[in-house]
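Trainee: Hi! Could we go through this one together?
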Amino acid sequence: MSKPIVAIVGRPNVGKSTLFNALAGERIAIVQDFPGVTRDRIYADVTWLDKQFTMIDTGGIEPESNDVLLSYMRQQAEVAIQTADVILFLVDVRQGLVDNDFKVADMLRRSTKPIVLVVNKVDNFDKLMPDVYEFYNLGIGDPHPVSSSSKLGLGDMLDEVISHFNPADLKEEEDDRPRIAIVGKPNVGKSSIINKLIGEERVIVSEIAGTTRDAIDTPVKYHGKEFIFIDTAGLRRKSKIKEELERFSIVRTVSAVERADIVVLVIDAKEGVTEQDAKIAGIAHERGKGIIIAVNKWDAVEKDDKTIYKHTNEIKDVLSFMSYAEMIFISALTGQRLNKLFDLIEKVIQNQNLRVATGVLNEIMAEAVALQQPPSDKGRRLKLYYITQVSIKPPTFVIFVNDKELMHFSYTRYIENKIREAFGFSGTSLKFFIRERKEKE
Ligand SMILES: Nc1nc2c(ncn2[C@@H]2O[C@H](COP(=O)(O)OP(=O)(O)OP(=O)(O)O)[C@@H](O)[C@H]2O)c(=O)[nH]1
Ligand SMILES: Nc1nc2c(ncn2[C@@H]2O[C@H](COP(=O)(O)OP(=O)(O)OP(=O)(O)O)[C@@H](O)[C@H]2O)c(=O)[nH]1
């Protein structure tokens with residue numbers, strides 16, 4: 001299911017991080033050893049009333065000069081316009097209206113995205129409201145006063161934000177064509193892959209601008225079936241600052257991954273797998289999307305009979321938190337194995353939608369328990385009563401036990417492995433929820 005995306009835009013020091021943290025709350029890590037995109041606080045899940053959305057903080061650095069600042073602000077706004085459903089433009093009542101605010105407002109106004117103007121640091125509504133009215137001059141609607149540090153006004157602001165979620169956007173979900181996001185570091189060959197897919201099949205329909213977003217989605221037909229490819233390429237040329245570039249590309253990745261069923265993570269065979277690849281992979285993993293690792297530029301690697309194993313092992317090592325991922329070695333240049341990519345996509349889609357009958361699951365669990373005794377602590381042994389699959393995309397299971405504390409991560413892993421031994425589920429993560437049930441008399 002694709003959730004709406006709300007992007008925060010604003011000058012340095014207006015309080016973006018503070019607002020972000022106030023809304024995001026504390027996040028509990030459910031998966032061990034995986035790389036920390038969330039620790040950077042670039043994105044977070046927010047629930048308000050019955051609505052859920054993904055919030056993205058587009059800003060992060062503090063440019064030294066005003067010139068650099070303005071170009072940074074422009075890029076921030078551009079990325080927000082491209083990726084968000086609603087843009088939250090944050091300004092600072094203490095600094096008042098500044099020239100750059102007008103410039104950013106001009107840019108935002110030209111997009112069709114709804115904009116919520118939020119005036120931060122209004123720590124005292126009675127005293128500071130006259131200063132808030134000044135922001136009407138931006139010409140982008142009513143300013144909403146908040147104090148992020150004292151958590152004032154956030155409810156009214158959130159009401160305004162969710163009022164812009166458009167029911168028509170749900171149309172994207174009715175569209176049953178599989179959506180595939182091609183993600184990866186700059187220069188790994190994302191555009192080349194999409195171009196080759198289009199050229200090879202010669203049935204390009206046309207590049208259609210997404211109706212709900214300005215991102216470009218490309219339909220590609222293979223064996224009579226249509227797939228939608230979501231591109232995240234093309235940021236490199238515009239940014240000079242490394243951390244800025246990385247932040248923006250993560251923002252775009254989050255938005256593409258959110259909208260996708262399957263994520264193809266492209267890795268450059270010449271470079272090998274890197275920390276940044278692991279970060280990007282972590283986003284797809286956390287979102288429970290189907291995952292295919294495509295090692296591109298395979299033509300440019302000198303090979304002997306061990307090369308492919310060496311690469312495979314290296315990748316499995318760095319991306320150990322997603323050992324379930326499918327892997328394929330391709331060349332966008334020669335087209336090698338690109339057809340196979342479609343077969344893999346089909347396979348992963350099937351696995352994401354696979355449902356296992358409760359009876360079968362309980363047989364597997366009983367057998368697993370018989371083979372390896374569950375852990376115990378202080379004389380009390382873990383008992384597993386019952387397992388059932390509650391949903392798909394990703395396949396999600398609930399296990400009922402006598403005592404949650406006793407169900408160690410490693411034993412859940414063990415059960416997961418047994419389920420995978422029986423059903424594969426390659427390319428998709430599996431989620432497990434552990435519930436306690438009173439011990440039977
Ligand atoms: N008085 C007051 N101060 C605030 C409020 N929100 C944030 N601040 C302060 O403003 C300063 C900047 O806040 P940040 O959240 O780091 O600002 P930012 O926009 O994320 O800044 P960058 O990371 O540089 O983009 C900090 O000293 C905060 O404590 C508020 O509601 N009231
Ligand atoms: N040898 C070889 N070169 C490739 C292959 N695929 C892409 N390249 C080259 O790698 C470079 C980057 O390719 P792009 O498709 O622009 O990469 P990208 O990931 O879209 O890059 P960004 O737009 O920066 O995100 C280009 O010079 C391509 O010609 C491949 O399979 N083999």
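Trainee: How many bridges join strand β1 to strand β3, and do they run parallel or antiparallel?
Mentor: There are 4 bridges between β1 (residues 5-9) and β3 (residues 51-57), and the two strands run parallel. This is a predicted model, where local features need pLDDT of at least 70, side-chain atom pairs count only at pLDDT 80 or more, and totals for chains, interfaces and linings use all residues. Residues are numbered from 1 along each chain as its sequence is written, while chains are lettered from A and ligands numbered from 1 in the order in which they are written. Strands (E, at least two residues) and helices (H or I, at least four) are DSSP runs, numbered from the N terminus.

Trainee: Which residue does Ile 5 stand opposite?
Mentor: Its partner in β3 is Thr 54.

Trainee: What's the strand order in the sheet?
Mentor: The open sheet has 6 strands in the order β2-β3-β1-β4-β5-β6, with mixed pairing (at least two DSSP bridges make a pair). At the edges, β2 (43-48) and β6 (143-145) each pair on one side only.

Trainee: New topic: where does helix α2 lie?
Mentor: Helix α2 (residues 66-83) lies across β1 and β4 (86-92), at about 170° to β1. Axes are lines fitted to C-alpha atoms, for helices over the stretch in contact (C-beta atoms, placed from the backbone, within 7 Å), and angles run from 0 to 180 degrees between N-to-C directions.

Trainee: And how do the axes of α2 and α3 cross?
Mentor: They cross at roughly 30° and come within 10 Å, α3 being residues 99-110. That makes the two helices roughly parallel (under 35 degrees; over 145 is roughly antiparallel, 65 to 115 roughly perpendicular, the rest oblique).

Trainee: Which residues make the contact?
Mentor: Among them are Leu 69 and Met 73 of α2, plus Val 104 and Leu 108 of α3.

How values were computed: Two residues are in contact if their C-beta atoms, placed from the backbone, lie within 7 Å.
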